Structure formats: structure tokens, C-alpha cells
Amino acid sequence: MSQTIERTRWKYTGSLAELSGSERTSLLRRNGARSALVSEQTEEIVRRVRLDGDRALREMARAYDGVSLDSLEVPRAARLRALAGIDRTLRGALERAARNIEMVHSADPPRTLEVETEPGVIVGRRPDPLQRVGIYSPGGRAAYASSVLMGGIPARVAGVSEILLCSPPQGNGYPAPVVLAACEIAAVDRVFSLGGAGAIAAMAYGTESVPRVDRIVGPGNAYVAEAKLQVSRDVGIDSPAGPSELLVLCDASCDVRTIAREVIAQAEHDANACIVVVCLDEETTFSIGAAIEQSVPDASRADVIREALEQNGALLWTNSIGDAIEFSKEFAPEHLLLALEDAEGVVPDIRNAGCVFVGEQSSVVFGDYITGGNHVLPTGGLARSYSGLGTLDFVRWTSYQRVTRAAAQRLAPDTAILATAEGLPSHAAAALGWNIQC
């Protein structure tokens with residue numbers, strides 16, 4: 001049965017329990033997600049932009065995108081032409097996605113919270129929208145208009161004053177028309193023809209043309225993810241989202257062709273995409289592998305899909321749902337698809353996933369585009385500590401405290417005791433002074 005799978009198509013094929021320690025570590029660490037070479041090259045790009053500003057960005061556009069940019073900023077007229085020129089059905093789909101995204105992100109807006117910890121003592125937090133944010137929309141082998149909506153609409157809902165977006169230029173010096181159209185639909189304020197790590201550096205530090213932002217959000221390749229990490233000392237970021245990831249937990253009840261479609265869809269993003277299938281039935285595992293082998297040749301991005309599976313793909317089986325769930329927690333995937341007979345029953349046990357798709361009919365592709373959930377999600381195992389993009393990413397919290405004079409007198413003695421215990425007598429004196437004043 002195993003001969004139906006060309007092993008070169010997958011980095012690992014076998015029993016989950018029999019993965020060696022080094023193989024398991026390799027999957028968990030996402031080999032290639034952050035290499036020394038990527039780090040060094042990105043650091044040099046960031047340094048050049050900080051030093052030479054617009055000149056460096058123009059040189060990079062010529063070197064990496066093959067275009068000479070007269071202006072880094074896209075004029076509003078070009079964006080309006082793009083919106084007017086796209087296919088009506090495409091525009092309708094973008095507007096439907098935009099409505100759903102706005103509905104989801106408006107459902108529970110950040111709000112001021114106040115607690116009276118004891119009489120006369122109020123502690124509060126107020127959400128203040130950021131003044132200026134930068135969104136990155138990838139545009140390498142594909143143009144991601146959906147990423148424009150996923151970043152721009154939550155920012156607008158949160159009340160951000162100015163929304164910038166960077167996306168790589170095409171041959172005409174502008175980002176793809178569908179990206180520009182999406183910028184209009186999402187009410188993005190300014191758009192720049194900039195891609196890769198250079199765009200991240202420009203938004204982080206500012207140049208003659210690109211203003212400095214307060215936070216940078218959006219997905220990207222390994223260089224974009226690395227740049228976000230490097231500039232995060234100086235500007236807020238959502239999470240260093242890198243190449244796409246999919247973990248499928250499935251059993252004999254799943255439709256193998258459905259699983260094959262999901263695998264191929266996520267693998268076509270990027271040769272560095274990480275795709276892992278863990279099935280609770282060995283025979284079904286091989287059927288899934290065979291279905292994928294049959295489908296890949298017909299895919300328009302077959303070369304990318306094959307490379308992704310060879311570099312970071314795993315087709316595994318286990319007899320234990322507990323082991324599968326435990327692996328999921330360790331793997332902490334960007335996307336987790338539960339193609340299980342009792343998918344709903346497993347959800348309470350799931351932790352550490354960017355987004356969980358419950359049931360094989362809850363295709364990850366729907367979440368990528370149109371359900372209203374955000375597709376900007378943590379990758380590389382960072383779902384252990386990061387969440388998907390939302391309105392909270394576009395506010396900062398102002399904390400405040402309000403204490404009456406009577407409450408100050410009551411607080412003073414214990415405050416002085418704590419301050420004295422920490423060796424800060426002037427703190428103690430400041431507290432006790434309210435006993436005297438009151």
C-alpha cells in the first residue's frame with residue numbers, strides 16, 4: 001500500500017509514534033522558517049532603508065521587482081481606476097468578504113473597563129486607537145487582495161486615524177489592480193508600491209515618502225517575517241506571520257478528496273509552506289496520499305506544491321486521538337482542520353492554533369477569504385503565544401486610577417508597609433503623607 005505514495009513528495013511519511021526525535025523536532029521548529037542567511041540579508045536591507053531612505057527603496061524595486069519607480073506612492077486616481085476596472089463578479093466577492101469581515105470585527109469592539117477595587121478606588125483601562133498603522137499585502141507569485149481587507153477593515157473599525165499599505169509593484173510600477181481595488185473597498189488612506197523587507201523597514205522607520213507608523217501588520221514570506229521581528233524593537237507588530245501552515249487531524253470518516261484539496265490549496269501558497277496530515281486510520285492515510293498524488297499534476301502551481309511537501313510536508317498516522325491532539329498542541333499550527341467524525345467533541349481539547357476549522361466542510365479556504373474571520377494568523381509555532389489579527393491589534397490601552405481622599409488615607413498604612421519591605425522609604429513617606437493631609 002505504501003508504494004502508492006512517492007516518498008519524495010513528502011518530507012516524512014509514517015507513524016506519528018515512530019517519528020524520531022530529530023524528525024519531530026524538525027517539524028515543530030519548521031526548518032527554514034528562520035535561517036541565518038535570511039536574517040543577515042534582511043538586516044542589510046533594513047540598514048540600507050534606514051540609511052538611504054527612498055533611494056534604497058528605488059534601488060530595491062529595480063533589483064527585486066524589475067521596475068523603476070518615479071513615485072513610491074500610488075495616486076488615488078490609479079486606485080479608483082482599478083476598482084472601476086475589475087470584473088463585476090470579483091468586485092462583488094470582495095465587497096461580500098468586506099461586509100463579513102466588518103461584521104465580525106465590529107461585534108465586540110474594545111471598550112473602556114473600570115473596576116472599583118474598594119470604596120473610593122477606581123482602576124480603569126481605555127482603548128485608544130493608534131494614530132497610524134502600516135499593512136503589508138504580499139504580491140510575489142500571487143496578489144493577495146484578501147490580506148488588504150483583513151488588515152484594513154479591522155483597523156478602520158478600531159478607529160485608526162491613518163491606514164497605510166505596502167504591496168510589491170508589478171511591471172507598471174503599481175501593485176496588482178485587484179490589490180488597489182481592495183484598498184478602496186477597505187478605505188485604506190495611502191498606498192505604496194513597495195515589497196519585501198524594504199517595505200517593512202520603510203514603515204517602521206519612515207523615509208522621505210513613507211511616514212513612520214505605530215504598528216505593522218500583515219502576512220509575508222520569510223524575509224517579511226524576519227523584518228518584522230527585527231524592527232519590533234522600535235515599532236509594534238501583530239505577529240511575525242510567515243509561510244502558510246496547515247495541520248489536518250482526520251479519521252476514516254473523512255473524504256480523502258476533500259483533504260487532498262485542502263492540502264493542495266495551502267501548499268500552493270509558497271514553497272516554504274508547512275503541511276502536516278495526521279490521520280487516525282492508516283489505510284485512510286495512504287488513500288489521502290494517493291488522492292494528493294493524483295491531484296497535484298493538474299494544479300497550476302504544481303511545482304510549488306511539490307516543493308512545499310518535499311521540504312516541510314508530513315503524512316502521518318496514529319491510533320490515538322489523544323496523541324494527535326497532543327501533537328497539535330506542540331505543533332501550534334496557523335490553520336487546524338478537524339476532519340473528524342466527532343469534530344465538535346474535540347474542540348474543547350484544542351489549544352495553540354491560529355484558527356480551528358471544525359468539520360471538513362469548514363474549509364480553510366473559506367476562512368482565507370470570505371467567512372469574516374481574519375486570515376492573518378501566527379505561524380512557526382507562535383500560536384502558543386500569539387492570536388490572530390483583530391481590532392485589539394489597532395489600539396493601545398491607557399490605564400488610569402482614581403483615588404478619593406478618604407480612600408488615600410485607608411491605603412496609606414499598607415502601602416507604606418510594602419514600600420518599606422522593598423527598601424524604598426521615600427515611597428513609604430509619600431503614602432503616609434496622606435494620613436497627615438487627610
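These are my notebook entries on a strand, a loop serine and the cysteines of this structure.

**Entry 1: the model**

I am working with a predicted model, so I read every value below as computed.

**Entry 2: strand E5**

I started with strand E5, which covers residues 162–167. How many of its six residues are buried? I found that six of the six are, so the strand is mostly covered.

Next I looked at which way the side chains point. Glu162, Leu164 and Cys166 point one way from E5, while Ile163, Leu165 and Ser167 point the other way. Residues of both sets are buried. It helped me to recall that side chains in a regular strand alternate between the two faces of the sheet.

**Entry 3: the neighbours of E5**

Which strands pair with E5? Strand E4, residues 132–136, pairs with E5 in the parallel sense over five bridges. Here I noted Ile135 standing opposite Leu165 of E5. Strand E6, residues 190–193, also pairs with E5 in the parallel sense, over four bridges. On that side I found Ser193 of E6 as the bridge partner of Ser167.

I then followed the chain from E5 to E6. Helix H7, residues 177–185, joins these two strands in a β-α-β unit, and I noted the unit down as right-handed.

**Entry 4: Ser239**

I moved on to a loop residue. Ser239 lies in the loop between strand E8 (236–237) and strand E9 (245–250). Is Ser239 buried or exposed? Its relative accessibility is 2%, and because that is under 20%, Ser239 counts as buried.

What does Ser239 touch? Leaving out residues up to four places away in sequence, I listed Lys228, Leu377, Pro378 and Tyr386.

**Entry 5: the cysteines**

How many disulfides does the structure hold? I found zero. Cys274 is in no disulfide, and the nearest cysteine sulfur, that of Cys250, is 16 Å away. A pair would need its sulfur atoms within 2.5 Å, so Cys274 and Cys250 do not qualify. Cys355 is in no disulfide either; for this residue the nearest cysteine sulfur is that of Cys274, 17 Å away.

I also checked how covered these two cysteines are. Cys274 has 4% relative accessibility and therefore counts as buried. Cys355 has 27% relative accessibility, so I wrote it down as partly exposed.

Key: Residues numbered from 1 in each chain as written. Predicted model: local features only at pLDDT ≥ 70, side-chain atom pairs only at ≥ 80, totals over all residues. Heavy atoms only, no water. Buried < 20%, exposed > 50% of the residue type's maximum accessible area, 1.4 Å probe, protein only. Pairing = 2+ DSSP bridges. Right-handed = clockwise from strand over helix to strand, strands pointing away. Contact = heavy atoms within 4.5 Å.
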